[in-house]
Amino acid sequence: MSVEIIETATQELTDAMERLIPQLSSSSPALTPEETTRFVSQPSVKLFVFRTDNEDGTPGTIEGMLTLVLFHIPTGLRAWIEDVVVSEETRGQGAGRKLTEAALDYAREAGARTVDLTSRPSREAANRLYQRCGFEKRQTNVYRYRM
């Protein structure tokens, strides 16, 4: 099992997103190859993927992903985690934790002051994971404006 940062869009990545995005959101379509390229090429975005190992020990298929966004604001460098998803077949094997810890390590090394994320209360396993990784639940209101 391994986690890596994807720097270049490939057909393998587009195919993985086609499998994983519907498991994350029923209302979001999978990305086209062009959209995948545009997404991965953003300098402030880091896409972490989790791979299982093949029987011979070589890296296997992409079975999970996490997006880390880094941005500068007047109070310092901040980071935000979005779109964490692990394939149904791989859940419960530590992939979510490995992805989250890799993103936290990257943000720490980049100098981020904080890393935030949101998670629906109904995603009980995900909420437990984030708390085990050291995230603290904040007393805040999250607002969304739909365009």
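**Exercise 1. In this predicted model, find which elements each supply at least two residues of the lining of the second largest pocket, then describe that pocket.**

Solution.
Step 1. Go through the lining element by element: α1, β4, α3 and α4 each give at least two residues.
Step 2. Look for the largest share: α4 provides it, with six residues.
Step 3. Find the centre. Of the 22 lining residues, Val86, Arg91, Arg123, Ala125 and Ala126 are the ones nearest to it.
Step 4. Sort the lining of the second largest pocket by class: nine residues are nonpolar, six polar and seven charged.
Step 5. Add the volume, which is about 480 Å³ for the second largest pocket.

**Exercise 2. Work out the volume of the largest pocket and the make-up of its lining.**

Solution.
Step 1. The volume of the largest pocket is about 1,600 Å³.
Step 2. The lining holds 42 residues, and those closest to the centre are Trp80, Leu117, Thr118, Ser119 and Arg120.
Step 3. Two or more lining residues come from each of α1, β3, β4, β5 and α4.
Step 4. Among the contributions to the largest pocket, the largest share is that of β4, with five residues.
Step 5. By class, the lining of the largest pocket divides into 20 nonpolar, twelve polar and ten charged residues.

**Exercise 3. Determine the strand order of the sheet and name its edge strands.**

Solution.
Step 1. Trace the strands across the sheet: there are five, in the order β1-β2-β3-β4-β5. The sheet is open and its pairing is mixed.
Step 2. Check which strands pair on one side only. These are β1 (2-6) and β5 (114-116), the edge strands.
Step 3. From one strand to the next, the twist averages 30 degrees.

**Exercise 4. For the pairs β2 with β3, β3 with β4, and β4 with β5, give the sense of pairing and the number of bridges.**

Solution.
Step 1. Recall the background: strands of a sheet pair through backbone hydrogen bonds, in either a parallel or an antiparallel sense.
Step 2. Take β2 and β3. They run antiparallel and are joined by eight bridges. As a check on the register, Lys46 has Leu68 in β3 as its bridge partner.
Step 3. Inspect the link between them: β2 and β3 form a hairpin with five intervening residues, and Gly57 in the turn has a positive phi of about 90 degrees.
Step 4. Take β3 and β4. Nine bridges join them, again in the antiparallel sense. Here Phe71 is opposite Arg78 in β4. This hairpin has two residues between its strands.
Step 5. Take β4 (residues 76-86) and β5. Three bridges connect them, and the two strands run parallel. Arg78 faces Thr114 in β5.

**Exercise 5. Place helices α1 and α3 relative to the sheet.**

Solution.
Step 1. List what α3 (residues 95-110) lies across: β1, β2, β3, β4 and β5. Its angle to β3 is about 35 degrees.
Step 2. Do likewise for α1 (residues 11-24), which packs on the sheet and touches β1, β2 (45-53), β3 (59-73) and β4. The direction of α1 makes about 80 degrees with that of β3.

**Exercise 6. Decide which elements have the lowest and the highest mean pLDDT.**

Solution.
Step 1. Start with the whole protein: its mean pLDDT is 94, and 100% of its residues reach 70 or more.
Step 2. Compare the elements. Helix α4 (residues 124-132) has the lowest mean, 93, while α3 has the highest, 98.
Step 3. Relate this to Exercise 1: α4 is also the element that gives the largest share of the lining of the second largest pocket.

Conventions. Residues are numbered from 1 along each chain as its sequence is written. This is a predicted model: local features need pLDDT of at least 70, side-chain atom pairs count only at pLDDT 80 or more; totals for chains, interfaces and linings use all residues. Side-chain values use heavy atoms; hydrogens and water are left out. Two strands pair if DSSP finds at least two bridges between them. Helices (H or I, at least four residues) and strands (E, at least two) are DSSP runs, numbered from the N terminus. Axes are lines fitted to C-alpha atoms, for helices over the stretch in contact, and angles run from 0 to 180 degrees between N-to-C directions. Contact means heavy atoms within 4.5 Å. pLDDT is the predictor's confidence in each residue, from 0 to 100. On a 1 Å grid over the protein atoms alone, a cavity is a set of points where a 1.4 Å probe fits but cannot get out, and a pocket is an open set with protein on both sides within 12 Å along at least five of seven lines; lining residues have an atom within 4 Å of a point. Grid points are joined across faces, edges and corners, and a volume is the space filled by probe spheres set on the points. Ala, Val, Leu, Ile, Met, Phe, Trp, Tyr, Cys and Pro count as nonpolar, Asp, Glu, Lys and Arg as charged, and the others, Gly among them, as polar.
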